[in-house]
Amino acid sequence: MSDKIPLAGVIGSPIAHSRSPQLQRHWLVTHGLAGHYIPMDVKASDLADAIRMLPKLGFVGVNVTIPHKESVLDIADLVTDRATMIGAANTLIFRADGKIHADNTDGYGFLENLKTGAPDWKPSQAPAAVLGAGGAARAVVAALLDAGVPEVQIANRTQIRADRLAEDLGHRVRVVDWVHAPNMLDDASLLVNTTSLGMVGKADLRVPLDGLRAEMVVTDLVYTPLKTKLLEAAEAAGCVTVDGLGMLLHQAVPGFERWFGVRPTVDSAARAAALR
Ligand code: NAP
């Protein structure tokens, strides 16, 4: 064991909006741990140099966010199978042997959030409908397939991106044309928005939602605002709704545990800290 105070942080650009520092600092204080968690705005052209320098400065790992989640895979020495399959990493661990280990915990965070917010949802019962085919969608679809969902239907504005996702993640993924996205609601028990639509400063999600049924679970990865228009419409239709903040909290757990040696708890205090 080293007597150095461990450092961790989050790398992105821009980074000022990140809620990870408040959350990780809350966990450090709650668990009485020595450590610091620092937001770092790093440009793409500096990414490799910055990451290779961090272990020498006392960093034990970092979270990685937009726009670096894909490019860190080329910098890491070891990439987990799930990060390879997703094509992106959000958590780096700087190992004692000098190797940089990359993992993706977004799918884990997504499923834990769903299990907590919709405990009665049974993955194997019915297909799931996913809007979007970006980096977050890949993590979500991989997690849903792992959880035993019989079929994941995806619709994305740019269909080729959805086709690529389906090719990479296997035969249980079915691509639906973006204009026919509402048809996915016919037999799905879960609807997930993984697009950035509905986020503060972005366009609204305009997919017609008349097909929502009260027995469905609806979750949105967007958490600014916390209650998106999609979640409002789902609530009005009697669905169980799960907001996206819980995913942010749960995806942070494995990194914190690896860096600081304690598994933190996702509870109302952690939620409040992330919202501060
Ligand atoms: P990304 O790779 O850039 O993907 C963005 C997705 O949104 C794509 O499917 C894109 O479709 C779609 N989109 C954007 N503008 C659109 C428009 N005007 N009309 C239709 N579709 C549009 O981003 P990402 O990393 O997947 O993140 C997506 C969202 O999830 C973001 O809001 C992010 O903050 C959120 N997120 C939340 C968590 C959490 O912990 N809650 C974790 C990760 C991500 P095209 O392919 O057609 O462009």
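Here are three short exercises on a predicted model and its ligand, each with a worked solution.

Residues are numbered from 1 along each chain as its sequence is written. Local features need pLDDT of at least 70, side-chain atom pairs count only at pLDDT 80 or more, totals for chains, interfaces and linings use all residues, and side-chain values use heavy atoms, with hydrogens and water left out.

**Exercise 1.** Find which residues come nearest to the ligand.

Solution. Start with the shell of 21 residues around the ligand; a residue belongs there if one of its heavy atoms lies within 4 Å. Ala-136, Asn-156, Arg-157, Thr-158 and Arg-161 come nearest. Next, look at the helices, which are DSSP runs of H or I with at least four residues: α6 (135-147) and α9 (245-251) each supply at least two shell residues.

**Exercise 2.** Trace polar contacts of the ligand, meaning pairs of N or O atoms within 3.5 Å.

Solution. Begin with Arg-161, where a polar side-chain atom lies 2.8 Å from a ligand oxygen. Move on to Ser-196: a polar backbone atom there is 3.3 Å from an oxygen atom of the ligand. Finish at Leu-221, whose polar backbone atom is 3.0 Å from a ligand nitrogen.

**Exercise 3.** Decide whether Asn-113 is buried or exposed.

Solution. First place Asn-113 in helix α5 (residues 106-117). Then apply the cut-offs: buried is under 20% relative accessible area, exposed over 50%, and partly exposed in between (1.4 Å probe, protein chains only). Asn-113 has 8% relative accessibility, so this residue counts as buried.

Note on methods:
A polar contact is a pair of N or O atoms within 3.5 Å; within protein, one must be able to donate a hydrogen and the other to accept it, and residues adjacent in sequence count only if both atoms are side-chain atoms.
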